[in-house]
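Colleague: Could you pull up the model for me? I would like to go through it with you step by step.

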Amino acid sequence: MWDTITNLLPLVGAALHDFLYGFLPGWLAYLLLGFIFIVILLVSILNTVLAFIWLERRGISRFQVRLGPDRVGPMGLLQPIADAVKLMTKEDIVPAGGDRAVHYLAAVLVFVPALLVFAVLPFAPGVVFADLNIGILYIIAIGSVGVIGVFMGGWASNNKYSLMGAMRAVAQMVSYEVPMVLSVIGVVMVAQSLSLEHIVQAQELPFILLQPLGFFIYFAAASAELNRTPMDLLEAESEIIAGYHVEYSGMKFALFFLAEYANALAVSIIVSTLFLGGWKLPLVPPYIALPLKIFAVFGLMLWIRSTLPRLRVDQLMGFAWKGLLPIALLNIFITGGELLIFKGYPSWLALVNIPLAALILFIWSRLFTIKIRATATSARPAPSARNV
Amino acid sequence: MLADYGYVGLLALVAIAFPVVTLLASKILSYIGVRPQRPSAVKSSTYECGMDTVGEAWVQFNFRYYYYALLFVVFDIETVFLYPWAVYFRKLELFGFIEMLIFILILVVGYLYAWKKQVLEWK
């Protein structure tokens with residue numbers, strides 16, 4: 001009975017698989033099964049994204065001691081749907097002198113990779129849309145395509161603010177890509193596989209305890225990739241209005257908006273999968289455990305967003321190249337050394353790794369603050385002389 | 001495995017179709033009069049806080065961005081080598097460890113040079 005409850009999703013999937021292959025020719029059953037899974041995937045992604053939008057708006061309102069949206073539906077629950085209807089029926093503007101085709105194409109190109117990432121994410125044991133053995137590599141490769149869409153959007157708008165936002169976006173996303181990619185390598189070394197399914201199964205203890213440094217780097221770099229508030233220089237309202245999507249309205253803006261939250265959802269799932277044990281939780285079926293973790297991770301991102309002020313450009317780039325990159329490289333060799341000395345990577349290493357990570361972060365941040373203060377006291381060029 | 005790649009391709013098709021269909025639907029809404037579509041010279045002018053724009057938007061950009069692009073290419077290619085190494089690390093053992101240490105140290109020399117040259121400084 002308990003087995004049936006925990007394995008509900010794979011059982012339903014297998015039943016559907018057998019049913020379709022039972023009376024249809026192979027290729028048709030294959031296609032039909034694919035489409036059914038895509039529809040389920042798409043509906044759950046869009047619904048979770050709407051939930052995230054509601055949660056973010058209500059949550060931030062609570063953090064800022066105000067009510068937030070509360071008119072549409074109970075507790076404003078229908079607000080995202082009202083927004084969607086409004087954006088759908090809003091006038092669509094292509095700015096004069098902008099590149100019309102690229103302006104449209106950018107919105108599509110931002111959205112497509114945001115959706116494609118979900119193909120390899122495991123939701124329960126055996127429940128994954130496409131179990132590629134290069135899962136993480138696929139996520140990283142697809143995830144970095146979005147930058148091109150962002151830059152196209154900024155460039156096609158024929159607006160100085162959006163071009164500045166786009167240039168900042170590319171610089172920021174490209175810089176944080178490097179520590180993000182490097183921080184996953186520690187996990188891959190311990191799990192010995194690139195497939196996310198295997199990585200979840202390899203976690204007897206969640207990797208956040210065994211790889212705390214990797215978790216910190218991944219989380220910091222991924223939230224920079226998402227352009228959320230402490231690092232949202234590319235859409236800093238007070239300087240460049242909204243960055244690369246100033247000139248977007250209507251459905252095209254909705255696509256940018258959806259892609260942003262779909263990316264946030266993807267990162268929440270990836271963090272839960274790589275570091276928090278994915279669908280594994282004692283006494284809780286997988287299809288409840290994973291959503292719990294996803295919302296916990298998103299709540300953490302929300303908390304960070306409403307707590308920290310925006311960084312300066314030099315701080316942001318410095319944090320990626322001087323702060324995160326060296327510790328990410330260090331993390332690889334610490335993990336490597338530990339794997340050489342203790343062959344099986346036993347669970348008690350968590351007791352060593354957590355203080356070690358805290359120590360490294362403490363020492364590195366000390367060195368780093370001294371550096372920043374030294375540059376701050378030396379003669380800096382006036383802000384107007386600085387380039388974008 | 002090949003079947004799984006087929007599913008990724010299928011998802012790619014749907015992922016492209018979704019924004020295209022929503023954009024088309026929005027377009028159709030403007031034809032049946034639900035959505036307004038009345039562009040004017042003022043409305044489609046560049047949004048710059050009410051000011052008339054001065055000059056082109058497609059200007060030359062700070063060379064600093066290209067330093068970061070170059071560094072990114074170097075380190076991203078490094079990670080391409082690191083991933084297969086990480087998967088087989090336990091089989092490669094000490095040889096693999098020292099080999100990768102040397103590889104990374106060569107890159108770190110270049111990285112430190114860039115740091116000393118103040119390429120990483122945003123000015």
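Colleague: Leaving aside its neighbours within four places in sequence, which residues is Asp4(B) in contact with?

Modeller: Once those neighbours are left aside, Asp4(B) is in contact with Phe129(A), Ala130(A), Asp131(A) and Leu132(A), where contact means heavy atoms within 4.5 Å. Before we go on, please keep in mind that this is a predicted model, in which local features need pLDDT of at least 70 and side-chain atom pairs count only at pLDDT 80 or more, while totals for chains, interfaces and linings use all residues. Residues are numbered from 1 along each chain as its sequence is written, chains are lettered from A and ligands numbered from 1 in the order in which they are written, and side-chain values use heavy atoms, with hydrogens and water left out.

Colleague: Where is Asp4(B) found, and how far away is the nearest side chain of opposite charge?

Modeller: Asp4(B) is found in helix α1 (residues 2–31) of chain B, where helices are DSSP runs of H or I with at least four residues, numbered from the N terminus. Asp4(B) is buried (under 20% relative accessible area, with exposed being over 50% and partly exposed in between, using a 1.4 Å probe and protein chains only). Asp4(B) has no salt bridge, which would need a side-chain nitrogen of Lys or Arg within 4 Å of a carboxyl oxygen of Asp or Glu. The nearest side chain of opposite charge, Lys280(A), is 20 Å away, with Lys and Arg counted as positive, Asp and Glu as negative, and His and the chain ends not counted.

Colleague: New topic: how many aromatic pairs are there over all chains?

Modeller: The count comes to 22 over all chains, where rings of Phe, Tyr and Trp (its six-membered ring) pair if their centres lie within 6.5 Å, and planes under 30 degrees apart count as stacked, over 60 as edge-to-face and the rest as tilted. One of them is the stacked pair of Phe52(A) and Phe298(A), at 3.8 Å centre to centre and 10 degrees between the planes.

Colleague: Why does that pair tie together parts that are apart in sequence?

Modeller: Phe52(A) lies in helix α3 (residues 26–63) of chain A and Phe298(A) in helix α14 (residues 286–307) of chain A, so the pair links parts that are 246 residues apart in sequence. Phe52(A) is buried at a relative accessible area of 0%, and Phe298(A) is buried at 0% as well.

Colleague: Which residues form an aromatic cluster?

Modeller: Trp321(A), Tyr68(B), Phe75(B), Tyr111(B) and Trp115(B) form one aromatic cluster.

Terms used. Helix = DSSP H or I, 4+ residues; strand = E, 2+ residues; numbered from the N terminus.
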